[in-house]
Amino acid sequence: MSEDMYEDEQELYRREAMGAFAHEVRTPLTSIKMVMELARRQSRDGEFILDAELADMLRTSVDDLQELADDLQEASRLERGKLVLAQGPCDLGAAVDAARDMMAHGPELAGTSPHGIEGPWDARRLVRAIAGFAQSANRIGDGTGTVRFDWEETGGGLKLSFASGKPGGEARPIAADAGFSFFRSRQLVVAMGGSVHCNRAERYVEFVIELPLAQGAVRVVEPMKILL
């Protein structure tokens with residue numbers, strides 16, 4: 001890839017990451033406004049009344065909003081060099097299993113876990129990145145709830161793939177509809193010295209993630225430029 005094409009791709013990701021974040025913030029905010037309106041209608045003597053169902057809806061929406069805020073703060077700290085990632089060692093199979101546990105309500109990550117392979121990765125953040133790629137692949141792939149996972153060792157590193165749907169059709173770019181989880185996961189992988197390659201078409205997507213096995217590969221993450 002030429003330098004100009006690389007810069008164009010990075011600029012696309014920056015724009016689409018901002019769009020994805022703005023869209024996803026609106027969802028919990030809309031839910032909170034709805035809960036408040038329903039509580040207002042049930043109010044007596046000027047007091048809001050939250051029944052158990054409304055309280056659960058409010059709690060879920062606030063948790064979702066907090067998670068998005070935490071993700072944005074983490075992206076900002078990475079960009080400003082204020083966050084140092086752990087250097088491992090991290091067992092890749094354990095990280096994949098933990099990501100599956102995190103996605104208990106879907107999607108299913110179909111494939112074997114590569115146990116016994118360790119690398120210089122931040123375990124907690126790699127788990128979140130794996131889950132994020134799987135969720136995004138299901139979201140912009142065929143949406144069946146199953147994402148195919150595969151892996152292989154390469155010269156000095158590992159290659160992981162997350163695929164949903166069948167290849168074919170007109171090529172499409174990665175856009176905000178991939179969800180903020182994709183852009184956050186990509187940023188974390190880059191911060192761990194890896195790279196992310198995408199192949200997308202109608203109802204099909206494959207993310208190919210390359211991770212280093214050697215120490216000293218971690219580099220400064222590229223800016224997402226979400227904060228003004």
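In what order do the elements of the protein run from the N terminus on? In this predicted model, the order is α-α-β-α-β-β-α-β-β-α-β-β. That makes five helices and seven strands. The protein has 228 residues, and 43% of them count as buried. Its exposed surface comes to about 12200 Å², with carbon and sulfur atoms supplying 52% of that area. As for who touches whom, take the contacts between residues at least 6 apart in sequence: 74% of these join residues at least 24 apart.

The strands are a good place to start. Strand β2 covers residues 108-110 and strand β4 covers residues 146-154, and the two pair in the parallel sense over three bridges. To put one bridge on the map, E108 has T146 of β4 as its partner. On to the next pairing: β4 and strand β5 (residues 157-165) run antiparallel and are joined by seven bridges. Here D150 is partnered with S161 in β5, and F149 stands opposite F162 in β5. The hairpin made by β4 and β5 has two residues between the strands, and in it G156 takes a positive phi near 80°.

β5 has another partner too, since it pairs with β7 in the antiparallel sense, this time over nine bridges. S161 turns up again in this pairing, with V208 of β7 as its bridge partner. So how does β5 sit in the protein, enclosed or not? Eight of its nine residues are buried, so the strand is largely enclosed by the rest of the structure. It also helps to keep a general point about strands in mind: in a regular strand, side chains alternate between the two faces of the sheet.

Next comes helix α5, which spans residues 180-191. Its twelve residues reach 17 Å from the first C-alpha to the last, close to the 16 Å expected at 1.5 Å a residue. How many residues of α5 are buried? The count is twelve of the twelve, so α5 is largely enclosed by the rest of the structure. The buried residues include the phenylalanines F180, F182 and F183, and also R184, R186 and Q187. Just after α5, G193 takes a positive phi of about 90°.

The aromatic rings tie several of these pieces together. Nine aromatic pairs are counted in the model. In one of them, Y13 and F183 have ring centres 6.2 Å apart and planes at 70°, which is over 60 degrees, so the pair is edge-to-face. Y13 belongs to helix α1 (residues 3-41) and F183 to helix α5, so this pair ties together parts that are 170 residues apart in sequence. Are these two residues buried or exposed? Both Y13 and F183 are buried. Ring pairs also link a whole cluster, made up of Y13, F133, F149, F162, F182, F183 and F207.

Two names from that cluster come back in the largest nonpolar core. This core has 47 residues, and F162 and F207 touch the most other members. The elements that give it two or more residues are α1, α2 (52-79), α3 (92-102), α4 (123-140), β4, β5, α5 and β7 (204-212). Which of them gives the most? That would be α4, with nine residues.

F207 is worth a look for its neighbours. Leaving out residues up to four places away in sequence, F207 touches F133, S136, A137, I140, L160, S161, F162, I174, F182, H197 and C198. Several names in that list have already appeared above: F133, F162 and F182 are in the ring cluster, and S161 is the bridge partner of V208 in β7.

One last residue, S61, shows the view from helix α2. S61 has 6% relative accessibility, so it counts as buried, the cut-off being under 20%. Which residues is S61 in contact with, leaving aside its neighbours within four places in sequence? They are P28, S31 and I32.

Note on methods:
Residues numbered from 1 in each chain as written. Heavy atoms only, no water. Helix = DSSP H or I, 4+ residues; strand = E, 2+ residues; numbered from the N terminus. Expected span 1.5 Å × (residues − 1). Buried < 20%, exposed > 50% of the residue type's maximum accessible area, 1.4 Å probe, protein only. Pairing = 2+ DSSP bridges. Phe/Tyr/Trp six-rings, centres within 6.5 Å; stacked < 30°, edge-to-face > 60°. Core = buried A, V, L, I, M, F, W, Y, C linked by side-chain atoms within 4.5 Å. Contact = heavy atoms within 4.5 Å. Areas by Shrake-Rupley, 256 points an atom, 1.4 Å probe, with all protein chains shown as cover.
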